[in-house]
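User: Please take a close look at the surroundings of the ligand in this model. I would like to know which residues come nearest to the ligand, and then how the parts of the chain around that site are put together.

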Amino acid sequence: MTDLYIVSGFLGAGKTTLIQTMARNVFQSQKIVVIENDFGEAGIDASCLRSCEIMVTSINAGCICCSMSGDFYKAIGQIVKEYAPDVILVEPSGVGKLSDIIKACLRRKDLVLIRRCITVVDGNRFDKYKENYGDFFVNQIRYADLILLSHQTGDCGKIEETIGKIKEINQEARIAADFWDSIPSSVFLFGKRVEAVKELEKEPVQSPKFPRILKVFSSPLGLAKEIFTSVTIECPEVLTEEQLKEKLNRVLDHGDGVILRGKGIVKGMDGGMMFHYIPGMLNVKSVSAEGTRVCFIGTGLKEQQIKSLFQGEL
Ligand SMILES: Nc1nc2c(ncn2[C@@H]2O[C@H](COP(=O)(O)OP(=O)(O)OP(=O)(O)O)[C@@H](O)[C@H]2O)c(=O)[nH]1
């Protein structure tokens, strides 16, 4: 039986960052495979994790829990057989429901044992995300047995307030607000399962859904796709940091709709350049990973408009 950990959280919460921390601090001597499920993000996280020498299997263009669940089912079988990892880490898309991911993993309980359902919660954007995207955001909190706060401002009062709000949704989960590097490994590895997950475990295991069948049923991805759109842009040019920021700011300032997430890897003057955008934060840094793609996720985005803004003359 292979140990499986789910690392969920809303867009930009810090899932990939946490997986890197866990690979470094918790599973340092173990063979890890990460199953990464981008929502239209063109494998950007996967490139980043691979550059940290983590083995990654990407399932793109859908969501593990629904349209791709047949692929997910097969992927787990293949990974266990071919790589025999000690640990599988599943990073669902930020707009996936944790309960659906757990159900998808339970379909392979012949091969994997869910050890921990972890959710990263952006402590700085809690109210906004809960109010506007509660279907996903609240579900990710309710089914977690370990919740880690990210994007904290250092304001202890605000942290306590956010923890109080999380407890209104899930009283049983362990909540950790410390710096992740300082959290003992045992917190990630062991702990009580919350009742909500125990209930899911009691449900009869359903066969994986394959796309042919899915056309008949509405799916959670249907919901995510109705609400969120993603725009991916090829960017083969070499850019300076200023040029990249100017392109990004044109999209962020003048694009219609609400951009909730932006990320990408492009060619910089001295190698790869990666950016992350979440509302109120834009980070650009040099990376060893290579890439020529940027992606925006949000609501009400206009693909052509975003492409023109990004690709237009500088
Ligand atoms: N200030 C701050 N930044 C963070 C923290 N965690 C992650 N970040 C940054 O937030 C950005 C997004 O982090 P990721 O780890 O890519 O988030 P994710 O949840 O995998 O995002 P998705 O790709 O949308 O699923 C990156 O620039 C991180 O460096 C945190 O605790 N504090």
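Analyst: A residue is taken as near the ligand if its C-beta atom, placed from the backbone, lies within 6 Å of it. The structure is a predicted model, and everything below should be read with that in mind.

On that criterion there are 16 residues around the ligand, and those that come nearest are Gly-14, Lys-15, Thr-17, Ser-150 and His-276. Sorted by class, the shell around the ligand consists of 10 polar residues, four charged residues and two nonpolar ones. Two elements, α1 (15-25) and β9 (258-268), each supply at least two residues of this shell, and α1 gives the largest share, which amounts to three residues.

The position of the ligand can also be described in terms of domains. The chain is divided into domain 1, covering 2-212, and domain 2, covering 228-311. Because both domain 1 and domain 2 give residues to the shell around the ligand, the ligand lies between them. The C-alpha centres of the two domains are 25 Å apart, and the domains also touch each other directly, with 12 residues of domain 1 in contact with 19 residues of domain 2. On the side of domain 1 that touches domain 2, six residues are nonpolar, four are polar and two are charged.

Turning from the site to the helices, one may begin with the pair α5 and α6. Helix α5 (residues 126-142) and helix α6 (residues 156-169) have axes that come within 11 Å and cross at roughly 50°, and the two helices are therefore oblique to each other. Their crossing is right-handed. The contact is made by Phe-126, Val-138, Ile-141 and Arg-142 on the α5 side, and by Thr-162, Lys-165, Ile-166 and Ile-169 on the α6 side. Five of the residues in this contact are nonpolar, one is polar and two are charged.

A further pair is formed by helix α4 (residues 98-106) and helix α8 (residues 195-202), which pack at an angle of about 40° with their axes 10 Å apart. That angle makes α4 oblique to α8, and the crossing of these two helices is right-handed. From α4 the contact takes in Ser-99, Ile-102, Lys-103 and Leu-106, while α8 brings Val-197, Leu-200 and Glu-201. By class, the contact of α4 with α8 holds four nonpolar residues, one polar residue and two charged residues.

Finally, there is the pairing of helix α11 (residues 241-254) with helix α12 (residues 303-311), whose axes come within 7 Å and cross at roughly 145°. The crossing of α11 and α12 is right-handed. Here Lys-247, Arg-250, Val-251 and His-254 of α11 meet Ile-306, Leu-309 and Phe-310 of α12, and the contact divides into four nonpolar residues, one polar residue and two charged residues.

To return to the request, the residues that come nearest to the ligand are Gly-14, Lys-15, Thr-17, Ser-150 and His-276, and the ligand lies between domain 1 and domain 2 because both of them give residues to its shell.

Conventions. Residues numbered from 1 in each chain as written. Predicted model: local features only at pLDDT ≥ 70, side-chain atom pairs only at ≥ 80, totals over all residues. Helix = DSSP H or I, 4+ residues; strand = E, 2+ residues; numbered from the N terminus. Nonpolar A, V, L, I, M, F, W, Y, C, P; charged D, E, K, R; others polar. Domains from an automatic or database assignment. Axes fitted to C-alpha atoms, helices over the stretch in contact; angles between N-to-C directions. Parallel < 35°, antiparallel > 145°, perpendicular 65-115°, else oblique. Left-handed = near helix turned anticlockwise from the far one by under 90°. Contact = placed C-beta atoms within 7 Å.
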